[in-house]
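Please look over the chain shown here before reading the notes that follow. They are arranged by topic, from the overall make-up down to single residues.

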Amino acid sequence: MKIYHISIERKQNNSTFLLCSASDLYSFNLLQRGTVKEFLRFTSQVIISRTLSEQRIRIKEQDKYFCHSYVRGDDLGGILITDIEYPQRVAFTLLTKVMDDFTNRYPATKWRTTPGTIDEFSKNLADYIKQYQKPEEADSLMKLQRELDETKIILHNTVENLLERGQKMDDLVAKSDALSATSKQFYTTARKTNSCCG
């Protein structure tokens with residue numbers, strides 16, 4: 001599971017204006033990164049410009065990537081581009097969190113009138129990408145699900161081990177009956193031997 005790109009954009013009619021973005025392109029060849037970044041930027045613009053206000057959409061691209069887009073009622077848009085395995089719920093949770101964090105720092109009066117990018121928030125986006133690269137660690141529900149799955153495996157193994165022990169215990173019980181008869185005979189023989197010498 002991997003996040004490649006996240007951006008926040010201002011939507012105005014059918015156009016978008018980039019406010020801030022961050023990408024994690026280390027999995028791509030060094031020579032490809034510039035082209036990939038341009039493609040991500042272009043894809044972000046197209047998808048956000050076509051996402052209706054107060055709508056969340058998820059688009060599959062080339063059977064390898066998902067583009068998660070969300071445009072709020074105030075025309076602030078966000079997009080998260082991930083691999084195909086990244087969980088949808090976590091992606092939209094991250095987008096909502098990032099956009100709320102952005103509007104808490106930069107009120108609408110600032111981001112609506114900014115002619116360019118707000119670069120200082122791009123570092124925050126990069127931090128969010130790092131934090132959410134492993135969604136099961138960043139998302140409490142996924143973390144709980146992972147722990148439940150691990151507990152289920154442990155319980156399953158424990159039950160199997162108990163069943164194996166139960167079978168082994170039956171063998172021991174059967175052997176102990178034979179051992180008891182042998183022990184009794186040994187005890188009797190030892191007693192006779194000790195009584196004649198004593």
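What follows is a short briefing on the fold as a whole, one helix pair and several individual residues.

The model is a predicted one, and the protein it describes has 198 residues, of which 35% count as buried. Six helices and five strands make up its secondary structure, and the order of these elements from the N terminus is β-β-α-β-β-β-α-α-α-α-α.

**Overall make-up**

- Among the contacts in the protein that have a separation of 6 or more, 53% are between residues 24 or more positions apart.
- The exposed area of the protein is about 12700 Å², and carbon and sulfur atoms supply 54% of that area.

**Packing of helix 2 and helix 4**

- Two packed helices are described by the angle between their axes and the distance between the axes.
- For helix 2, which covers residues 88-105, and helix 4, which covers residues 122-132, the packing angle is about 155 degrees and the axes lie 11 Å apart.
- Because angles over 145 degrees count as roughly antiparallel, helix 2 and helix 4 are described as roughly antiparallel to each other.
- The crossing that helix 2 makes with helix 4 is right-handed.
- On the side of helix 2 the contact is formed by Val90, Leu94, Lys97, Val98, Asp101 and Arg105, and these meet Asn124, Leu125, Tyr128, Gln131 and Tyr132 in helix 4.
- By residue class, this contact of helix 2 with helix 4 comprises six nonpolar, two polar and three charged residues.

**Loop residues with positive phi**

- Most residues other than glycine have a negative phi.
- Asn13, which is not a glycine, nevertheless has a positive phi, near 55 degrees, and its place is in the loop that joins strand 1 (3-12) to strand 2 (15-23).
- With a relative accessibility of 68%, Asn13 counts as exposed.
- Gln62 likewise has a positive phi near 55 degrees in a residue other than glycine, and Gln62 is found in the loop between strand 3 (55-61) and strand 4 (65-71).

**Strand residues and their contacts**

- Ser21 belongs to strand 2, and its C-alpha atom is separated by 8.8 Å from that of Thr117, although the two residues are 96 residues apart along the chain.
- Once residues up to four places away in sequence are set aside, Ser21 touches His5, Ile6, Ser7, Ser122 and Leu125; of these, Leu125 is also one of the helix 4 residues that meet helix 2.
- Gln55 lies in strand 3 and is partly exposed, its relative accessible area being 27%.
- From Gln55 to Arg72 the C-alpha to C-alpha distance is 7.1 Å, with their positions 17 residues apart in sequence counted as the separation, and the contacts of Gln55, not counting residues up to four places away, are with Ser69, Tyr70 and Val71.
- Cys67, in strand 4, is buried, with a relative accessible area of 2%.
- The C-alpha atoms of Cys67 and Asp83 are separated by 8.8 Å, and the two residues are 16 residues apart along the chain.
- Beyond its neighbours within four places in sequence, Cys67 is in contact with Thr43, Ile47, Ile57, Arg58, Ile59, Glu61, Ile79, Leu80 and Ile81.

Definitions and conventions
Residues numbered from 1 in each chain as written. Predicted model: local features only at pLDDT ≥ 70, side-chain atom pairs only at ≥ 80, totals over all residues. Heavy atoms only, no water. Axes fitted to C-alpha atoms, helices over the stretch in contact; angles between N-to-C directions. Helix = DSSP H or I, 4+ residues; strand = E, 2+ residues; numbered from the N terminus. Parallel < 35°, antiparallel > 145°, perpendicular 65-115°, else oblique. Left-handed = near helix turned anticlockwise from the far one by under 90°. Contact = heavy atoms within 4.5 Å. Nonpolar A, V, L, I, M, F, W, Y, C, P; charged D, E, K, R; others polar. Buried < 20%, exposed > 50% of the residue type's maximum accessible area, 1.4 Å probe, protein only. Areas by Shrake-Rupley, 256 points an atom, 1.4 Å probe, with all protein chains shown as cover.
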